[in-house]
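Here is a short report for a reader meeting this structure for the first time. It starts with the surface, moves to the overall build, and then goes inside.

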Amino acid sequence: MKILITGTAGFIGFHLAQKLLARGDEVVGLDSINDYYDIRVKYGRLAETGIAKEDVQYGNLVQSTKYEKYRFVQMKLEDKSALDALFEAEKFDAVCNLAAQAGVRYSLEHPQAYIDANIVGFLNILEACRHYGVKNLSYASSSSVYGLNETLPFSTSHNVDHPISLYAASKKSNELMAHTYSHLFGIHTTGLRFFTVYGPWGRPDMALFLFTKAALEGRTIDVFNNGNMLRDFTYVDDIVEGVTRVIDNPAQAAANWIEEGADASRSSAPYKVYNIGNNNPVKLMDFINAIENAVGKEIPKNLMPLQAGDVPATFADVTDLVDDLGYKPSTSVQEGINKFVAWYRDFFKC
């Protein structure tokens with residue numbers, strides 16, 4: 001297939017592009033390369049896929065020196081005219097939209113960034129798919145959509161009408177927008193609710209990166225909710241395997257679907273939402289202990305209360321993923337953290 005992946009200078013998009021290229025797909029990568037976090041990591045990911053920083057110019061496709069079937073373009077999803085021109089020229093078979101303004105806490109202080117990238121940007125993706133014949137669209141949602149829901153494990157059949165951050169609200173909006181385009185225009189859309197993704201090349205604003213950096217520099221870390229939060233930490237390779245299976249199996253309309261009492265993750269339209277999580281939540285303090293094991297030293301801790309916008313626990317019900325796609329994430333936290341720490345030491349030479 002010829003696939004557009006947005007967010008390929010980002011964490012998950014970078015790994016997904018490599019997996020699809022390795023199996024022979026043609027990939028066009030897109031990313032705005034914003035400065036939400038250290039762009040050295042973003043350009044490092046691009047370099048790993050054969051895209052040199054000095055060759056990147058806004059709006060121009062760059063050919064990878066490593067992969068014959070990979071090209072990259074710096075572009076904002078909000079730039080509708082440029083995005084439309086890309087779709088018209090490339091004629092994609094499928095689109096996987098992983099680009100977004102990320103971060104729960106950042107959304108408390110920079111709300112406009114979430115409306116621009118996650119709402120306007122996603123609308124532009126949907127419109128481009130509609131007008132340029134792309135019927136296979138998968139996109140990143142988030143476990144954050146579960147908001148005030150306290151029923152564990154989180155199921156895609158649960159109500160998600162009470163988000164507690166604008167980031168979560170923007171992801172819930174994406175799911176609603178996708179359903180509308182599935183219903184009106186027959187686009188097969190699949191939303192992917194990711195659960196706390198971690199691993200090599202991970203985001204510098206995430207706990208694993210911050211804690212590992214602090215440990216190696218001998219600094220104290222802030223541990224929210226006194227370390228009692230539960231997170232369904234999911235290794236990036238497991239996430240990418242799930243995304244790949246979704247791309248290969250576009251959503252289908254549910255047979256004999258009726259709205260009353262129906263599974264909210266399906267529809268009479270070709271629409272589906274999946275959880276992709278490890279299905280094995282870990283206490284934050286145990287996650288920190290696994291980091292300490294990997295780096296070989298104890299990390300000083302500053303215990304703090306739960307932060308605004310955070311939920312105390314996440315736990316993915318992945319029944320649909322297993323039933324529909326025959327897949328369940330399985331990487332243990334200690335194994336995944338060991339791989340991350342090895343990458344971190346190599347990348348930062350420490």
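The protein exposes about 14500 Å², and carbon and sulfur atoms supply 49% of that area. Keep in mind that this is a predicted model.

**Overall build**

The protein has 11 helices and 14 strands. Its radius of gyration is 19 Å, close to the 20 Å that the globule rule gives for 350 residues, so the protein is as compact as a globular protein of that length. Along its principal axes, the C-alpha trace spans about 55 × 55 × 40 Å. Buried residues make up 55% of the 350 residues. Take the contacts with a separation of 6 or more: residues 24 or more positions apart account for 77% of them.

**Helix 1 and Phe 14**

Phe 14 sits in helix 1, which covers residues 11-22. Is Phe 14 buried or exposed? Its relative accessible area is 1%, which is under the 20% cut-off, so Phe 14 counts as buried. Which residues does Phe 14 contact, leaving aside its neighbours within four places in sequence? They are Gly 7, Thr 8, Arg 45, Glu 48, Thr 49 and Trp 201. Ala 290 lies 276 residues from Phe 14 along the chain, and the C-alpha atoms of these two are separated by 25 Å.

**Helix 2**

Helix 2 spans residues 39-48. Its buried residues are Val 41, Lys 42, Tyr 43, Gly 44, Arg 45 and Leu 46. What do these buried residues pack against? Their partners are helix 1, strand 4 (70-74) and helix 11 (333-348). One of the buried residues of helix 2, Arg 45, is also among the contacts of Phe 14. After helix 2 comes Gly 50, with a positive phi near 85°.

**Spaces inside**

How many cavities of 30 Å³ or more are there? The count comes to 1. The largest cavity has a volume of about 40 Å³. Its lining consists of Asn 97, Leu 98, Ala 99, Ala 100, Ala 117, Asn 118, Phe 122, Ala 140, Lys 171 and Asn 174. Helix 5 (111-131) and helix 6 (166-185) each supply at least two residues of this lining. The largest share, 3 residues, comes from helix 5.

Now the second largest pocket. About 330 Å³ of space lies in it. It is lined by 20 residues, and the closest to its centre are Lys 172, Leu 176, Ala 264, Ser 265 and Tyr 271. Helix 6 and strand 12 (271-276) are the elements that give two or more residues to the lining of this pocket. Helix 6 gives the most, with 4 residues.

Helix 6 thus appears in both places: it supplies at least two residues to the lining of the largest cavity, and it gives 4 residues to the lining of the second largest pocket.

The table sets out the two linings by residue class.

| Space | Volume | Nonpolar | Polar | Charged |
|---|---|---|---|---|
| Largest cavity | about 40 Å³ | 6 residues | 3 residues | 1 residue |
| Second largest pocket | about 330 Å³ | 7 residues | 6 residues | 7 residues |

Some lining residues can be placed in this table by name. In the cavity lining, Lys 171 belongs to the charged class. In the pocket lining, Lys 172 belongs to that class too.

Terms used. Residues numbered from 1 in each chain as written. Predicted model: local features only at pLDDT ≥ 70, side-chain atom pairs only at ≥ 80, totals over all residues. Heavy atoms only, no water. 1 Å grid on protein atoms, 1.4 Å probe; cavity = no way out; pocket = protein on both sides within 12 Å on 5 of 7 lines; lining within 4 Å. Points joined across faces, edges and corners; volume = space filled by probe spheres on them. Rg over C-alpha atoms; globule rule 2.2 N^0.38 Å. Buried < 20%, exposed > 50% of the residue type's maximum accessible area, 1.4 Å probe, protein only. Contact = heavy atoms within 4.5 Å. Areas by Shrake-Rupley, 256 points an atom, 1.4 Å probe, with all protein chains shown as cover.
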